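Work through the following exercises with the sequence and the model side by side. Each task is followed by a solution that proceeds step by step.

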Amino acid sequence: MKQLRLPVILILGLMSMGVLSAREIRTPLPLQTGWYMYYPVSYHWERERCEGDCWSWETLVEGMGYYRSSDVAFSTCDGTNKVPWVNLIFGKSDFTLAEAFPNATVPVTALPNNPWVSISTISPRFEYREAGAMFFASCTGFFDWCDATYRLGVRGRLPVRDIEVSDVCNVGNLEGETLHDVWRQHEETPGAGVTDRVFAGRLDFISHLARVVDSTVTPMVNFHTSTNHIEIAGQAVDSAVSDVNGTPYVAGIYSADQSFPAVPWGKIPSTIDGLISAGGSVSGDRNRFVSTTDYTALGADATAQSTLFIVPSITSGLILPGPANTIRNAIDAAILGIDDSIIDFYEETGLSFCNGRTKGAGDLDVDLYFGRNWCNDDIWTDVSFGIRFPTAKEWCTCLELLKQPAGNNKHYEARLGIAGGWDMHRYVKLMADFTYNWVIKHRERLAAPFYGATVKNIGPCIDAEVKWDYLVAHIDLTFFANDCCGFDVGYEAYYKRCDNICLCQTTARDFANRIDQRLDASVLTQNTNRVAHKVRTGFFTQLGDCSVAGGWSQVVAGKNCPRDTDWYLKLGVRF
């Protein structure tokens with residue numbers, strides 16, 4: 001790292017200590033909302049009827065092992081279009097860190113030691129893996145009243161989770177561009193035995209360098225001076241269209257894929273055959289900046305700058321003119337004061353893409369339910385009320401960008417549910433259920449959503465009140481070989497509304513140490529409404545008072561949700 005530093009490390013390091021939860025991006029685990037993996041045929045078993053106030057009791061204890069994987073996500077339109085999984089966290093999969101700053105830009109003078117924040121495009125590529133166990137217990141009382149069978153019970157479940165977010169195939173790029181990608185020099189001998197050191201540099205890199213003028217840090221490039229010129233290192237680099245005899249001192253070469261232009265880079269001005277427009281488009285192979293043109297728009301467009309390479313013109317004596325030498329030397333001097341790459345910025349601020357591992361117990365679910373049978377026991381219904389208690393460990397840092405909590409991160413959750421089934425045939429049963437869930441408001445520590453930012457969940461931590469709600473519905477068709485075994489096919493619909501986030505402050509200090517930067521909660525809430533269409537199938541068998549069931553499910557379409565694939569196996573004992 002270089003010596004030039006802003007006092008970001010200590011200030012923002014202290015600010016960022018706290019608890020952060022990226023908004024819930026996952027779909028519910030198997031049996032995390034509904035309670036039935038397959039049709040509960042025991043509801044139709046004949047029970048000995050009692051006279052008067054008589055109850056019969058049944059206790060069921062079960063354990064389930066599961067494995068979940070998610071390699072991609074579905075896009076912002078409900079359908080099958082897929083995007084990288086990290087879109088769910090950051091809103092994009094290829095971006096510069098500057099896009100998480102106010103107005104998605106960082107002025108040169110705010111971070112003069114690290115231009116990589118603005119020009120290095122990082123491409124995180126991570127996948128979600130989870131393995132774990134879920135434990136269930138229920139106690140149900142059955143009683144008869146008015147020639148109908150009723151049931152009243154309590155049930156609970158507790159998951160134990162091992163979550164990992166990692167770059168399984170090592171295809172991501174967290175460093176982006178480095179110096180060799182944007183600035184190079186070599187010696188050329190264009191003729192007459194004269195050798196000189198020429199250069200080629202990407203305009204977005206050059207424009208994010210700083211130089212010191214009269215003890216003041218100023219940008220290397222001024223895209224529109226008071227005298228209607230564009231200057232690099234204080235040297236006017238534009239010229240009239242008709243001027244081909246000594247100026248301009250540099251030319252611009254377009255490169256759509258951002259690869260370096262072919263050598264030689266140094267050529268006489270008369271080889272220039274095109275112009276650079278105010279927005280950065282070009283009309284030839286080697287192009288000039290035109291005097292009196294206002295290049296302010298180009299200065300604000302980092303994408304257009306990244307496709308323009310600045311190369312020197314040479315004099316009729318086949319050497320670099322004085323202004324081109326001044327530009328080269330100023331850039332070399334500025335490079336001595338900058339960090340080596342964006343990795344240095346991660347270390348300064350504590351941002352980490354590495355700790356995506358969470359192990360431990362999840363949140364405890366407890367439900368009370370009441371049900372009865374109808375129509376000579378051919379139809380049954382249950383209604384339930386449940387609470388999810390925040391028993392999982394609280395997430396203790398906001399800088400581990402990929403870490404996912406084992407529960408709701410200390411949010412309580414309430415839900416209402418209804419389920420029903422129809423014994424439509426000896427071998428075929430139909431079942432459906434619906435639950436609506438409210439995740440209760442709780443204060444969390446979130447990455448500051450700066451106004452105008454186009455990337456989310458990267459930034460210093462602030463307090464916010466957060467809540468959300470969602471619904472889950474299932475419909476299943478179960479086929480029985482007999483009352484003890486069969487298989488099930490089903491569909492799950494998951495719909496989550498946008499997060500409701502109320503920021504506890506209106507401004508914050510950004511990672512460039514600028515105070516009172518405006519915040520905008522909509523940066524975080526954007527695209528947090530989720531839809532998932534999941535199909536599932538499984539088998540089951542009853543061996544006396546013991547049961548075995550297993551299955552598979554996958555999200556096949558959706559909106560702003562991961563493509564989760566689940567495998568699970570459940571064992572149960574009835575008392």
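**Exercise 1.** Leaving aside the neighbours within four places in sequence, determine which residues threonine 27 is in contact with, and decide whether threonine 27 is buried or exposed.

*Solution.* Taking contact to mean heavy atoms within 4.5 Å, and setting aside the neighbours within four places in sequence, one finds that threonine 27 touches Arg68, Tyr494, Ala532, Lys534, Val555, Pro562 and Asp564. Next, place the residue: threonine 27 belongs to the loop that runs between helix H1 (8-15) and strand S1 (56-74), where helices (H or I, at least four residues) and strands (E, at least two) are DSSP runs numbered from the N terminus. Finally, threonine 27 counts as buried because its relative accessibility is 4%, the term buried meaning under 20% relative accessible area, exposed over 50% and partly exposed in between (1.4 Å probe, protein chains only).

Before continuing, note that this is a predicted model, in which local features need pLDDT of at least 70 and side-chain atom pairs count only at pLDDT 80 or more, while totals for chains, interfaces and linings use all residues. Residues are numbered from 1 along each chain as its sequence is written, and side-chain values use heavy atoms, with hydrogens and water left out.

**Exercise 2.** Describe the overall dimensions of the protein chain and its radius of gyration.

*Solution.* Start with the box: along the principal axes, the C-alpha atoms of the protein chain fill roughly 115 × 45 × 35 Å. Then turn to the radius of gyration, which is taken over C-alpha atoms and set against a globule rule of 2.2 Å times the number of residues to the power 0.38; the protein chain has 32 Å, whereas a compact globule of 575 residues would have a value near 25 Å. To complete the description, the protein chain holds ten helices and 29 strands, and 54% of its 575 residues count as buried.

**Exercise 3.** Identify how strands S7 and S8 pair, and what joins them.

*Solution.* Two strands pair if DSSP finds at least two bridges between them, and here strand S7 (residues 210-213) and strand S8 (residues 216-219) pair in the antiparallel sense over four bridges. Valine 212, for instance, has valine 217 in S8 as its bridge partner. The two strands form a hairpin with two residues between them, and aspartate 214 in the turn has a positive phi of about 55 degrees.

**Exercise 4.** Work out the order of the sheet that contains S9, S10 and S11, and explain why one side of S9 and of S11 is left without a neighbour in the sheet.

*Solution.* The three strands form an open sheet with antiparallel pairing, in the order S9-S10-S11. Strand S9 (221-222) and strand S11 (235-236) stand at the edges with a single partner strand each, so one side of each has no neighbour in the sheet. As for the pairing of S9 with strand S10 (residues 231-232), it runs over two bridges in the antiparallel sense, and asparagine 222 has glutamate 231 in S10 as its bridge partner.

**Exercise 5.** Characterise the backbone at asparagine 560 and at proline 264.

*Solution.* Asparagine 560, a residue other than glycine, has a positive phi near 55 degrees; it lies in the loop between strand S28 (546-559) and strand S29 (562-574), and is buried, with a relative accessible area of 4%. At proline 264, the peptide bond from valine 263 is cis, with omega near 0 degrees, and proline 264 is found in the loop between strand S13 (250-254) and strand S14 (274-276).
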